[in-house]
Amino acid sequence: MKQSLAGISWKAFSGMEVKDKAAYLAEDGVFHVLLAQQFDRARLENLGMLATCVRRIAKKEEGMTFLRSLLANRRAMLYFSQPSSRTFLSFCAACQILGLQIGEVRDTSTSSEFKGESQEDSVRTFSSYFDLIVMRSQIGGLAERMAWQLSNTERPVPIINAGSGKDQHPTQALLDVYTLQRSFERQGGVDGKTILFVGDLARGRTVRSLAWLLTNYRDMQLLFVAPPELQIGGDILALLDRAKVRYELSGDFESAIPRADAIYMTRIQDEWDTAGESQKIDTSKFWFMSRHLALLKPHAVILHPFPRRQEIAVDVDDDPRAVYWRQMRNGMWIRAALIAAIFRKDADILSLAERFV
Ligand code: NCD
């Protein structure tokens, strides 16, 4: 089937507003996964349900055997030219759950890029051998460009954006929302919740993608707490304005804690520094210490995309409201669900899940 991106020039597609790009991509159902804006509420809920079915089926050996047979005839390429532990490994594990074989390039000094090959040619090469490409790059928008390119070749394999520049990290946002859905299952769901974002909000792509996904819920309140240099970008605020989502910006972490239903902590993203400028910023007032647990609502949860540095004290881990380790494992299930949906295996999983209740 011809994909929507095959019918448009790169100039026209790349010049579109994000919401128009997302609408364009949505025409293909779940195929290229490039932007958080591709996911509306129905998609988020279906994907969460699918992930829960996968994890339920995987509890039994018979279920694991079934899951492994689903995509045993497919191969996935993990092309990560930026460092990664969780995203890379959870995609590996998700592929293994569904039976996909994996190839990887994690260090471009070992690939032909080192000999001057363009990323376009590298990705096209991967598409000759693999049926899915998961890619992380420091270049914002590269996954979009590659998806457009492949859609206009004989082998239009799907691309999943596993983090692009400072801009987007849609699958991290999916696992974050899945974690919120599960955490608030007995508190009326995600609607009406106050989510507090803390840390490097200017350069954290996970925050940007998640803030957008939360616009799919009703009566949300987003609090962005950071030193002035690291506050959230005006482009995200404009999106929130347009979606009529209430938000506040502040520099006072302690007084925001008691208001939060969920706290999303982030680390300082100093890999983007040009001259060590992060070192001049005092972030210590934005660290979650064990004394802050007393200020937190009884049903609130603490999330973090990880890796962490000092921004969450290790002794906070033992509190049941610290859900970041669970959040990490949710990433494997939601990524398995996403890959299953891309290859249209969702109905098989849903119909089998009933046997595993
Ligand atoms: C994040 C990333 O790389 O964007 N991590 C992740 O994917 N879990 C955030 C980070 O590195 O701080």
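These legends go with views of a predicted model of one chain.

**View 1. The fold is built from helices and strands.** The chain contains 13 helices and nine strands. Its radius of gyration is 20 Å. The globule rule gives 21 Å for 357 residues, so the chain is as compact as a globular protein of that length. The C-alpha trace spans about 55 × 55 × 40 Å along its principal axes.

**View 2. Contacts link residues far apart in the sequence.** Take the contacts in the chain with a separation of 6 or more. Of these, 77% join residues 24 or more positions apart. Burial can be viewed here too: 58% of the 357 residues count as buried.

**View 3. The surface of the chain and its charges.** About 15,500 Å² of the chain is exposed. Carbon and sulfur atoms supply 51% of that area. The side chains include 46 positive and 43 negative ones. The centres of these two sets lie 3 Å apart.

**View 4. Cysteine 92 and cysteine 95 do not form a bond.** A disulfide is a covalent bond between the sulfur atoms of two cysteines. To count as one here, the sulfur atoms must be within 2.5 Å. The sulfur of cysteine 92 has its closest cysteine sulfur in cysteine 95, at 6.9 Å. That is too far for a bond. Seen from cysteine 95, the closest cysteine sulfur is in cysteine 92. The count for the chain is zero disulfides.

**View 5. Are these two cysteines buried or exposed?** Cysteine 92 has 10% relative accessibility, so it counts as buried. Cysteine 95 has 0% and also counts as buried. The cut-off for buried is under 20%.

How values were computed:
Residues numbered from 1 in each chain as written. Predicted model: local features only at pLDDT ≥ 70, side-chain atom pairs only at ≥ 80, totals over all residues. Heavy atoms only, no water. Helix = DSSP H or I, 4+ residues; strand = E, 2+ residues; numbered from the N terminus. Rg over C-alpha atoms; globule rule 2.2 N^0.38 Å. Buried < 20%, exposed > 50% of the residue type's maximum accessible area, 1.4 Å probe, protein only. Contact = heavy atoms within 4.5 Å. Areas by Shrake-Rupley, 256 points an atom, 1.4 Å probe, with all protein chains shown as cover. Lys, Arg positive; Asp, Glu negative; His and termini not counted. Charge placed at Lys NZ, Arg CZ, Asp CG, Glu CD.
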